[in-house]
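Hi everyone, thanks for making time. I'd like to walk you through one model today, so have a look at it first and then we'll go through a few spots together.

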There are 2 protein chains.
Amino acid sequence: MRILVVEDDPKISSFVKIGLESYDCTVDMAYDGTIGEKFALSRKYDVMILDVVIPGISGFELCKRIRNNNILTPVIILTSLDSVEDKLTGFECGADDYLVKPFSFQELFARIKALNRRSKEAFVSPVLKVLDLELDSITRKVRRSDREINLTATEYKILELLLSNKGRVFDRILIAEKIWGFSFNSGTNVIDVHINSLRKKIDKDFSQKLIHTKKGFGYVLSEEPQT
Amino acid sequence: MRILVVEDDPKISSFVKIGLESYDCTVDMAYDGTIGEKFALSRKYDVMILDVVIPGISGFELCKRIRNNNILTPVIILTSLDSVEDKLTGFECGADDYLVKPFSFQELFARIKALNRRSKEAFVSPVLKVLDLELDSITRKVRRSDREINLTATEYKILELLLSNKGRVFDRILIAEKIWGFSFNSGTNVIDVHINSLRKKIDKDFSQKLIHTKKGFGYVLSEEPQT
DNA sequence: CTTCAACCACCAATATTCTCATAATCGTTT
DNA sequence: AAACGATTATGAGAATATTGGTGGTTGAAG
């Protein structure tokens, strides 16, 4: 994890730097706002930690400029300014969190992780999970209620598609495009057959069905019982 | 914005509820953890605010269960437990923020906005909406006043057409072209029949009608009662 | 040679779409 | 205001489309 710290107090900055590095983070330090801005705009970070009262431009101003440059990296304001007004200002400038000094390093790190979890999470999760159905894209294993299920390649691909877009309705053309790479419309019911065998393996023995038919449209994977 | 508040202290919960509602938020309240869980798992919120020390299951446990159910809604822990250990526990349970009582409502709301700003980015589901009627083209779900409505393929297509051109009058030939792909004029009243069944599902139980007839022309979807 | 995944063709069950006959409504003219 | 014709609404059932499921064929891998 790469982190930018903009802070002029050498004690605090080294305290933070050392702490973060002990958790395998790469830390860039800036001791004033102007230098901080150069870092912030030129490199990509996972999180930025900004003090407010620093030489050059203030942390608030810096945060604003970062957002004006369309950089969405999570920002934590870390400052001794503890009034509600200052906190509101911080959030208005586009900060994601505001932590008042003195602070516990553990709390700072927990907040960093929380922010980071959120920005990563949406993208890659090795295990897709809906209810008690799990698909591990690393080991390619599928389980329902901890019972392992053996899927063929095509079944797996279809399930992965539906599972990673839970709630989204796929029509047959779309499924064909995603699985076979081209759109052949109809003349065949391959998809129906594969869906059928998927259902046998995944839904048959469970009262809570996961694969639903949207008649006239296609199929969805959803935890809600079909309407 | 729809918010769940799980809090047993009536003073705090009404304080929060009134505050949020003055900012146009819809607030659901739960006074203990078990009821809170039911709400959290059955409805969709933009943010959930959890106290820790509540009857039934604790806020920490509740947060864990929410995450185990793959619900990514931002969670703020709001509690008087102010030790670093408790904070760490909160974040470990999957919370996004942790605010200690006593707190300023303004700060709480700023944190809600900050979380919401970020979680909105990832989640864009194009929803057509007129008044309390919503059509989600990804999940193909249609709701009126949060009540889910089941439409057939043709009904859905017609509604989508009207909804995405709210206020525009479509004559039958135009509707036929858009839905069936070619213009067959008259000799049939299929469209009337489908409009009729659409109305039964969408307008029948509501005093505010949305589908209107322009005699001699065709149909419009509009929120204004027609002249 | 055997096995198994992938695909295809078909049937029965079910849901949807459409036709048609009739009732209700609207606009216009008397 | 009443009456008329044109237009639209509606219910029922017939016609059609969609889908779940089964069994069989192909072709590739071991």
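Let me start with a quick one: is A:E37 buried or exposed? Keep in mind that this is a predicted model. A:E37 comes out as buried, because its relative accessible area is 16%, and the cut-off for buried is under 20%. As for where to find it, look in helix α2 of chain A, residues 33-42. And who's around it? Once you set aside the neighbours within four places in sequence, A:E37 is in contact with A:I57, A:L62 and A:R65.

OK, hop over to chain B for the sheet. It's an open one with five strands, and the order reads β2-β1-β3-β4-β5, with parallel pairing. On the edges you've got β2, residues 26-30, and β5, residues 97-100, each pairing on one side only. From one strand to the next, the twist averages 20 degrees.

If you zoom in on β1 of chain B, residues 2-6, you'll see that β1 and β2 pair in the parallel sense over five bridges. To pick out one partner, B:V6 bridges to B:A30 in β2 of chain B.

Now, what lies across that sheet? Helix α3 of chain B, residues 59-68, lies across β1, β3, β4 and β5 of that chain. Relative to β3 of chain B, helix α3 runs at about 155 degrees.

Next up, pockets. I'd like to show you the second largest pocket, which holds about 260 Å³ of space. Its lining has 19 residues, and the ones nearest its centre are A:K87, B:K87, B:L99, B:V100 and B:E107. Which elements give two or more residues to that lining? From chain A it's β5 and α5, and from chain B it's α4, β5 and α5. So you'll recognise β5 of chain B, one of the edge strands we just talked about. By type, the lining splits into 11 nonpolar, two polar and six charged residues.

Last stop: B:A153, in helix α6 of chain B, residues 153-163. B:A153 counts as buried, because its relative accessibility is 16%. What does it touch? Not counting residues up to four places away in sequence, B:A153 touches A:K215, A:G216 and A:F217, and those three carry the chain A letter. Also, the C-alpha atoms of B:A153 and B:R140 are separated by 9.8 Å, with the two residues 13 apart along the chain.

That's my tour, happy to rotate the view for anyone.

Definitions and conventions. Residues are numbered from 1 along each chain as its sequence is written. Chains are lettered from A and ligands numbered from 1 in the order in which they are written. This is a predicted model: local features need pLDDT of at least 70, side-chain atom pairs count only at pLDDT 80 or more; totals for chains, interfaces and linings use all residues. Side-chain values use heavy atoms; hydrogens and water are left out. Two strands pair if DSSP finds at least two bridges between them. Helices (H or I, at least four residues) and strands (E, at least two) are DSSP runs, numbered from the N terminus. Axes are lines fitted to C-alpha atoms, for helices over the stretch in contact, and angles run from 0 to 180 degrees between N-to-C directions. Contact means heavy atoms within 4.5 Å. On a 1 Å grid over the protein atoms alone, a cavity is a set of points where a 1.4 Å probe fits but cannot get out, and a pocket is an open set with protein on both sides within 12 Å along at least five of seven lines; lining residues have an atom within 4 Å of a point. Grid points are joined across faces, edges and corners, and a volume is the space filled by probe spheres set on the points. Ala, Val, Leu, Ile, Met, Phe, Trp, Tyr, Cys and Pro count as nonpolar, Asp, Glu, Lys and Arg as charged, and the others, Gly among them, as polar. Buried means under 20% relative accessible area, exposed over 50%, partly exposed in between (1.4 Å probe, protein chains only).
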